[in-house]
Amino acid sequence: CEIISPKHKQMAVVRLSKRAWEQLKSKEFRSYLLSTHFWGPVANWGVPMAALADMKKDCEIISPKMTVGTHTHTAMVIYSSLFMRFALRVKPRNLLLFVCHFTNFSAQSVQLGRLINYNLKKGENAV
């Protein structure tokens, strides 16, 4: 096992920083930042972020303005499943969109499960 000196670590960080800065300044990256391949997924991140935030809430008030029974969550799971596939099939592949919809798919599935469990327990208590 070779020990790397702090000076060598610092030089590696400087080299990596320079390469990252050059990449950020490139015409290709600027073009990407101005494309729908970037801004579409960025604008779409609000949905999974809201679902992730709702995981901390009591099941009784999961997205009260958006949720009507389990149908909304089911629709969101199907919607994200379709767009995950689309993100990988479109040329060039849009991995940012894929990650956004994978996160939304996961979060909405958890919310759907929480809501189903809540309704089942609520039904047991009513009997």
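Lysine 25 is partly exposed, with 41% of relative accessible area. I open with this residue in the predicted model before us for the sake of its partner: the side chain of lysine 25 forms a salt bridge with that of glutamate 22, at 3.5 Å from N to O. Both residues belong to helix H1, which spans residues 6–25, and they are three residues apart, about one turn of the helix. Glutamate 22 is likewise assigned to the partly exposed class, because its relative accessibility is 49%.

How many salt bridges does the count come to? The total is two. The other pair to show you is lysine 57 with aspartate 54, whose side chains meet at 3.2 Å, again N to O. Here the two partners fall into separate classes of accessibility. Lysine 57 is partly exposed at 36%, whereas aspartate 54 has a relative accessible area of 6% and is therefore buried, the cut-off being under 20%.

Let me now turn to the chain as a whole. Six helices and zero strands are assigned, and the order along the sequence is accordingly written α-α-α-α-α-α. Of the 127 residues, 24% are buried. The exposed area of the chain is about 9,600 Å², and 67% of that comes from carbon and sulfur atoms. As for contacts, if one takes those between residues at least 6 apart in sequence, 74% of them join residues at least 24 apart.

I should like to spend the remaining time on helix H5, helix H6 and the loop between them. Helix H5 covers residues 71–89 and helix H6 covers residues 95–126. Which residues make the nonpolar surface patch of about 470 Å²? They are Ile78, Tyr79, Leu82, Phe83 and Phe86. Of these, isoleucine 78 lies in helix H5, and with a relative accessible area of 49% it is classed as partly exposed.

There is also a charged patch on the surface. Arg85, Arg89, Lys91 and Arg93 come together there as a group of positive charge. Arginine 93 sits in the loop that links H5 to H6. Why is arginine 93 counted as exposed? Its relative accessibility is 53%, and the class begins over 50%, so the residue qualifies.

Please look next at the peptide bond between lysine 91 and proline 92. That bond is cis, with omega at about -5°. In general, most peptide bonds are trans. Proline 92 is another member of the loop between H5 and H6.

Is asparagine 94, in this loop, buried or exposed? Asparagine 94 is buried, because its relative accessible area is 6%. Leaving aside residues up to four places away in sequence, asparagine 94 is in contact with His37, Pro41 and Ala87. The loop thus holds both an exposed arginine 93 and a buried asparagine 94.

Finally, we pass into helix H6, where valine 99 is located. Valine 99 is partly exposed, on account of a relative accessibility of 41%. Its C-alpha atom is separated by 7.8 Å from that of methionine 84, and the two residues are 15 apart along the chain.

To close, I would leave you with two places to inspect on the display. One is the cis bond joining lysine 91 and proline 92. The other is the salt bridge between lysine 57 and aspartate 54, in which the aspartate is the buried partner and the lysine is partly exposed.

Technical notes. Residues numbered from 1 in each chain as written. Predicted model: local features only at pLDDT ≥ 70, side-chain atom pairs only at ≥ 80, totals over all residues. Heavy atoms only, no water. Patch = residues over 30% accessible without salt bridge, like charges linked within 9 Å, V, L, I, M, F, W, Y side chains within 5 Å. Areas by Shrake-Rupley, 256 points an atom, 1.4 Å probe, with all protein chains shown as cover. Salt bridge = Lys/Arg side-chain N within 4 Å of Asp/Glu carboxyl O. Lys, Arg positive; Asp, Glu negative; His and termini not counted. Charge placed at Lys NZ, Arg CZ, Asp CG, Glu CD. Helix = DSSP H or I, 4+ residues; strand = E, 2+ residues; numbered from the N terminus. Buried < 20%, exposed > 50% of the residue type's maximum accessible area, 1.4 Å probe, protein only. Contact = heavy atoms within 4.5 Å.
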